[in-house]
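Work through the exercises below with the sequence and the coordinates open beside you. Each one sets a task and then gives a solution in steps.

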Amino acid sequence: MKVVITRPAEKGKDFSNLLEKNGFETVILPTLELVFKKAQINLENYSWIVFTSPRGVEGFFRNLKLEDAKKVLTKKIGAIGTETAKEFERTFGKAVDVIPKQYTAENLLEAIQKQVKNGEKVLVPTTPSTRDVLKEGLNADLVFVYSSEEPTDIPEKLKELEKQVISENSQDKKLILTFTSGLTAKNFFKHCSPEFLEILKKQYIVSIGPITKKNVDSFGFDSLMPEKNYTVEAMVPVIKALNIWFSIL
């Protein structure tokens with residue numbers, strides 16, 4: 001069974017390798033391109049630095065001088081989930097202080113609010129397309145260290161994908177589409193023709209978590225998602241279960 005990956009190319013390849021190890025054939029169709037940005041970062045005023053994605057960690061680090069990187073080690077760190085926490089630990093050699101039990105901005109906000117003291121300021125290295133949950137809930141300052149750009153070749157690649165889907169369906173096979181953010185879904189579906197959308201409703205769709213699922217399902221789907229730990233690793237058992245279920249039909 002083929003799995004369509006809509007993550008940015010570099011991270012899409014990592015996901016593809018993970019799925020191929022589990023016996024799946026993959027189609028990488030990036031609907032986002034990550035562009036790292038230069039930013040002025042003054043750490044002096046902040047007690048907390050909170051990350052909502054691994055790319056936020058990478059973009060943040062790219063903007064730091066050596067002496068600033070050392071200052072990070074004196075700050076309290078929040079991360080939205082295990083992937084982001086691992087990226088921070090790999091980059092800075094320090095464990096994060098807070099990870100919510102469920103990997104959403106709302107749960108991260110709740111976890112951070114319990115620990116932030118009066119007068120402590122919070123910095124969130126992120127992207128301009130970020131949701132305002134942490135900014136509003138923590139009165140946090142945002143610094144844009146990367147952006148998510150839309151590739152220009154999505155319509156062309158969707159035409160190729162439509163041919164593959166029709167070919168697979170003619171052989172009584174289905175595809176599994178995967179989405180790891182709301183923006184990957186929006187950029188994908190807005191370029192689909194009404195006819196292709198109807199074809200896609202007969203395939204399987206897996207979202208990484210509840211926020212992404214909400215965006216995917218707004219286009220008329222009812223996507224599946226992991227029960228907890230909203231990571232690409234947690235998506236793999238969902239995808240494997242679909243494959244097993246389809247094989248016994």
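**Exercise 1. Decide whether Asp153 is buried, partly exposed or exposed, and describe the salt bridge that its side chain forms.**

Solution. In this predicted model, the relative accessible area of Asp153 is 27%. Buried means under 20% and exposed means over 50%, so Asp153, at 27%, counts as partly exposed. The side chain of Asp153 meets that of Lys157 in a salt bridge, with 3.4 Å from N to O. Lys157 is partly exposed as well, with a relative accessible area of 28%.

**Exercise 2. Classify each partner of the salt bridge between Lys213 and Asp222 as buried or exposed.**

Solution. Begin with the contact itself, in which the side chains of Lys213 and Asp222 meet at 3.0 Å, N to O. Next take the lysine: Lys213 has a relative accessibility of 19% and therefore counts as buried, the cut-off being under 20%. Then take the aspartate: Asp222 has a relative accessible area of 67% and is exposed. The bridge thus joins a buried lysine, Lys213, to an exposed aspartate, Asp222.

**Exercise 3. Place the salt bridge between Glu87 and Arg90 in its helix, and then find the network to which these residues belong.**

Solution. The distance comes first: the side chains of Glu87 and Arg90 meet in a salt bridge of 2.7 Å, N to O. Both residues lie in helix H4, and because they are three residues apart there, about one helical turn separates them. As for accessibility, Glu87 is buried, with a relative accessible area of 13%, whereas Arg90, at 58%, counts as exposed. Finally, widen the view: Glu87 and Arg90 are linked with Arg55, Glu58 and Arg62 in a network of salt bridges. The count for the model comes to 17 salt bridges.

One member of that network, Arg62, also has a contact with an aromatic ring, since its charged end sits over the ring of Phe36, 4.1 Å from the centre of that ring.

**Exercise 4. Describe the aromatic pairs Phe51–Phe60 and Phe61–Phe92, and state which parts of the chain the second pair ties together.**

Solution. A pair of aromatic rings is described by the distance of the centres and the angle of the planes. The count of aromatic pairs comes to 11. In one of them, Phe51 and Phe60 lie 5.4 Å apart, centre to centre, with 70° between the planes, and the pair is edge-to-face. Phe51 and Phe60 are both buried. In another, Phe61 and Phe92 are 5.6 Å apart, centre to centre, with 85° between the planes, again an edge-to-face pair. Phe61 belongs to helix H2 (residues 54-62) and Phe92 to helix H4 (residues 82-92), so this pair ties together parts that are 31 residues apart in sequence. Phe61 is partly exposed, with a relative accessible area of 38%, while Phe92 is buried, at 10%. These four residues, together with Phe88, form one aromatic cluster.

**Exercise 5. Compile the volume, the lining and the residue classes of the largest pocket and of the second largest pocket.**

Solution. The largest pocket has a volume of about 1,100 Å³. Its lining is made up of 40 residues, and those nearest the centre are Thr52, Ser53, Thr180, Ser181 and Gly182. At least two lining residues come from each of H2, H4, helix H6 (133-138), strand E8 (146-149), helix H8 (182-189) and helix H10 (210-217). Sorted by class, this lining has 15 nonpolar, 19 polar and six charged residues.

The second largest pocket holds about 280 Å³ of space. It is lined by 14 residues, with Lys11, Asp14, Glu83, Val232 and Glu233 closest to its centre. Two or more of the lining residues come from each of helix H1 (9-21), H4 and helix H11 (232-247), and H1 gives the most, with six. By class, the lining of the second largest pocket has four nonpolar, one polar and nine charged residues.

**Exercise 6. Identify the residues that line the largest cavity, and the elements that give two or more of them.**

Solution. The structure holds one cavity of 30 Å³ or more, and the space in the largest cavity is about 30 Å³. The lining consists of Thr52, Val124, Thr126, Thr130, Arg131, Leu134, Lys135 and Leu142. Strand E6 (122-126) and H6 are the elements that give two or more residues to this lining. By class, the lining of the largest cavity divides into three nonpolar, three polar and two charged residues.

Note on methods: Residues numbered from 1 in each chain as written. Predicted model: local features only at pLDDT ≥ 70, side-chain atom pairs only at ≥ 80, totals over all residues. Heavy atoms only, no water. Phe/Tyr/Trp six-rings, centres within 6.5 Å; stacked < 30°, edge-to-face > 60°. Buried < 20%, exposed > 50% of the residue type's maximum accessible area, 1.4 Å probe, protein only. Helix = DSSP H or I, 4+ residues; strand = E, 2+ residues; numbered from the N terminus. Lys NZ or Arg CZ within 6 Å of the ring centre and 35° of its normal. 1 Å grid on protein atoms, 1.4 Å probe; cavity = no way out; pocket = protein on both sides within 12 Å on 5 of 7 lines; lining within 4 Å. Points joined across faces, edges and corners; volume = space filled by probe spheres on them. Nonpolar A, V, L, I, M, F, W, Y, C, P; charged D, E, K, R; others polar. Salt bridge = Lys/Arg side-chain N within 4 Å of Asp/Glu carboxyl O.
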